[in-house]
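Thanks for asking me to look this one over. Here are my notes, as numbered points to read with the structure open.

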Amino acid sequence: MHGWLTDLRYALRGLARNRGFCAACVLTLALGIGANVAIFSAVDTLLLRPLPYPNAGRLVMVWEDASYVSFPRNTPAVANYVDWRAQNQVFSDMAAMRFRGANLTGEGLPESVRGRGVTANFFAVMGVMPAIGRPFTEDEDRRSAKVVVLSHGLWTRRFGCDRGLIGRPITMNGEPVTVIGVMPRSFRFPDPNCQYWVPASFTPQQLAERGSHFLTVVARLRDGVSLERARAEMYTIATRLEKQYPATNTKVGAVVSALREEMTGDTRLGLLVLLAAAGCVLLIACANVANLLLARGAGRRRELAVRAALGAGGGRLIRQMITESLLLAGLGGAAGVGLAAAGRVVLEKIVPPGFAGDAQLALNGRLLLFALGVSLATGLFFGLAPAVTASRWSVVEALKQGGRGGLGTGGRFRKGLAVAEVALSALLLVSAGLLVQTLLRLRGLDLGFQPEKMLTMLVSLPNPKYADPARREAFELAVLGNVRSLPGVRGAAFTTNLPFTSIGNTVGFAIEGQPAAGPGDNRDVMARVGSADYLPVLGVTLREGRFFTADDRAGSRQVVIVNEFLAKRFWPGQSALGKR
């Protein structure tokens with residue numbers, strides 16, 4: 001221990017005398033280690049950190065597979081979900097969710113919030129119960145009871161953490177709804193925008209409906225059941241339903257995916273590629289520092305020779321130089337962690353919103369251990385070769401030459417390091433060039449509309465107050481008139497879904513004069529409803545025909561605008577205008 005302390009003291013003195021050399025090494029290592037720590041923090045959050053649910057590895061999402069109409073993961077129909085739950089033997093239970101929106105009034109300013117209607121077993125499937133109060137029951141779900149479970153964020157922001165709120169009504173969509181529970185702070189499922197949960201309350205008609213697809217289904221695997229077995233059984237059930245209900249379920253399968261896979265999406269491969277690129281940066285930094293140490297070691301030949309002449313063996317000299325390398329790596333690692341922490345704002349953009357819950361990209365124990373391990377490995381990597389080279393120098397020759405002409409020592413090894421640096425740098429430059437080229441092409445891609453200078457907002461109208469279509473239309477016309485009168489506004493319109501915000505909301509159709517090919521030819525397409533000016537405001541190019549006008553309204557002739565793909569598919573070589 002005393003020997004190591006002595007070596008550390010000598011290393012500190014040596015580096016203090018060569019501040020420029022020390023700063024160059026530390027800065028180089030800080031960039032390499034900092035890049036690795038930064039990317040690892042995102043990998044840790046997305047791929048390694050446990051999800052905030054008990055035994056989260058058993059949670060899966062279940063979708064309909066309608067690949068034949070380009071929906072490989074389609075939202076399930078209610079009747080299909082009911083059969084899935086009743087017939088499967090691989091899940092301990094299965095819960096369903098549907099979108100809900102509400103306007104909060106009464107206490108404070110009016111506020112529009114988004115939530116979910118969920119089946120009564122939802123909280124049990126997730127393994128998370130309300131932190132305050134209780135979940136709703138099967139009976140409350142069945143009879144559409146006016147009860148609600150709030151998110152911790154909504155309870156804190158709007159109601160000031162009032163524990164007395166439990167059992168009291170709040171006004172949602174103009175109706176009193178009793179608060180029966182508040183979820184824990186970390187529970188943000190299925191997304192951070194979900195601020196409350198109410199009973200799903202399916203009607204008898206919905207429970208028998210297989211043509212309307214709008215559910216999100218989550219399930220928990222039984223103990224000992226693998227994901228592959230669950231997929232095989234759900235495939236069997238889907239095949240059974242296909243034979244039993246050919247009019248709606250032909251070619252409709254089932255997809256089972258792990259919850260983590262659903263939440264991380266396609267970020268896994270990208271993060272691993274970034275981690276590999278950061279590894280290349282670290283290798284380049286190590287090669288740079290190794291070259292600097294070799295050059296410095298050549299200048300220290302006389303000093304090392306004197307120490308050897310005084311009795312220091314080769315092992316002691318190696319230990320001395322390794323100590324200096326580890327000290328440099330430690331300083332570089334500390335600076336790298338600082339750089340990674342400073343760039344946390346950028347890193348958080350990589351992680352999907354709400355994925356990490358309250359555990360943001362911070363310097364946790366796992367991240368610090370990773371930084372320590374990388375620093376130690378780096379110090380050994382770039383310090384061992386120069387140390388071994390210095391220990392093999394001839395004492396007599398070193399004392400004769402002093403510090404002169406030493407730069408040529410270890411030339412072959414240094415040339416190899418330089419070649420490795422150039423090769424890795426070329427690899428990174430080519431990869432970066434390809435990435436930039438891809439981004440430029442994506443920016444130049446024709447989206448079919450013009451998103452520049454376009455602003456959006458969400459409007460949620462409560463059904464009890466705006467159940468009458470005429471009243472909803474009057475509200476929308478009034479809003480559009482007021483918005484269009486604002487300075488700088490060139491146009492305004494309503495639509496059901498903005499582009500790229502939903503892969504669902506489909507409608508089945510038939511073509512006059514073209515009978516369906518068979519039971520499996522469901523002809524299902526994505527459909528959007530918009531006000532008369534929606535497509536012109538969006539900047540869509542019209543190929544043929546006309547846009548909607550104010551005369552296209554309820555009671556008039558029913559019209560529809562189709563895209564070029566559908567027109568060419570079903571009316572090849574002819575115009576789609578006038579077809580029905």
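1. Surface first: the chain has an accessible surface of about 31,600 Å², and carbon and sulfur atoms account for 60% of that area. Please keep in mind throughout that this is a predicted model.

2. On burial, 38% of the chain's 580 residues are buried. The secondary structure amounts to 20 helices and 13 strands. If we take the contacts between residues at least 6 apart in sequence, 76% of them link residues at least 24 apart.

3. Which residues touch the most other members of the largest nonpolar core? They are Y53, F122, F187, F189, W197 and V218, out of 28 residues in that core. Two or more residues each come from β1 (59–66), β3 (91–105), α4 (122–126), β6 (147–150) and β9 (194–199). Helix α4 provides the largest share, 4 residues. As general background, nonpolar side chains in soluble globular proteins tend to be buried together.

4. F122 is a good place to start exploring that core. Once its neighbours within four places in sequence are set aside, F122 has contacts with A95, M97, F187, F189, W197 and V218. There is also a second, separate core of 25 residues, with V37, L294, A371 and V374 among them.

5. You may enjoy a look at N80, which sits in helix α3 (residues 78–87). Is N80 buried or exposed? N80 counts as buried because its relative accessible area is 2%, under the 20% cut-off. Leaving out neighbours within four places in sequence, the contacts of N80 are E64, R210, L241 and N249.

6. Now to the pockets. The second largest pocket has a volume of about 400 Å³. It is lined by 14 residues, and those closest to its centre are V273, L274, A277, L428 and S431.

7. Which helix gives the most to the lining of this second largest pocket? That is α11, with 8 residues. Both α11 (267–299) and α17 (411–443) supply at least two residues of the lining, so if you want to display the walls of the second largest pocket, these two helices are handy selections.

8. The make-up of that lining is worth a line in your notes too: by class, the second largest pocket is lined by 12 nonpolar and 2 polar residues, with no charged residues.

Technical notes
Residues are numbered from 1 along each chain as its sequence is written. This is a predicted model: local features need pLDDT of at least 70, side-chain atom pairs count only at pLDDT 80 or more; totals for chains, interfaces and linings use all residues. Side-chain values use heavy atoms; hydrogens and water are left out. On a 1 Å grid over the protein atoms alone, a cavity is a set of points where a 1.4 Å probe fits but cannot get out, and a pocket is an open set with protein on both sides within 12 Å along at least five of seven lines; lining residues have an atom within 4 Å of a point. Grid points are joined across faces, edges and corners, and a volume is the space filled by probe spheres set on the points. Ala, Val, Leu, Ile, Met, Phe, Trp, Tyr, Cys and Pro count as nonpolar, Asp, Glu, Lys and Arg as charged, and the others, Gly among them, as polar. Buried means under 20% relative accessible area, exposed over 50%, partly exposed in between (1.4 Å probe, protein chains only). Contact means heavy atoms within 4.5 Å. Accessible areas come from the Shrake-Rupley method with a 1.4 Å probe; for residues, only the protein chains shown count as cover. A nonpolar core is a set of buried Ala, Val, Leu, Ile, Met, Phe, Trp, Tyr and Cys residues joined through side-chain atoms within 4.5 Å.
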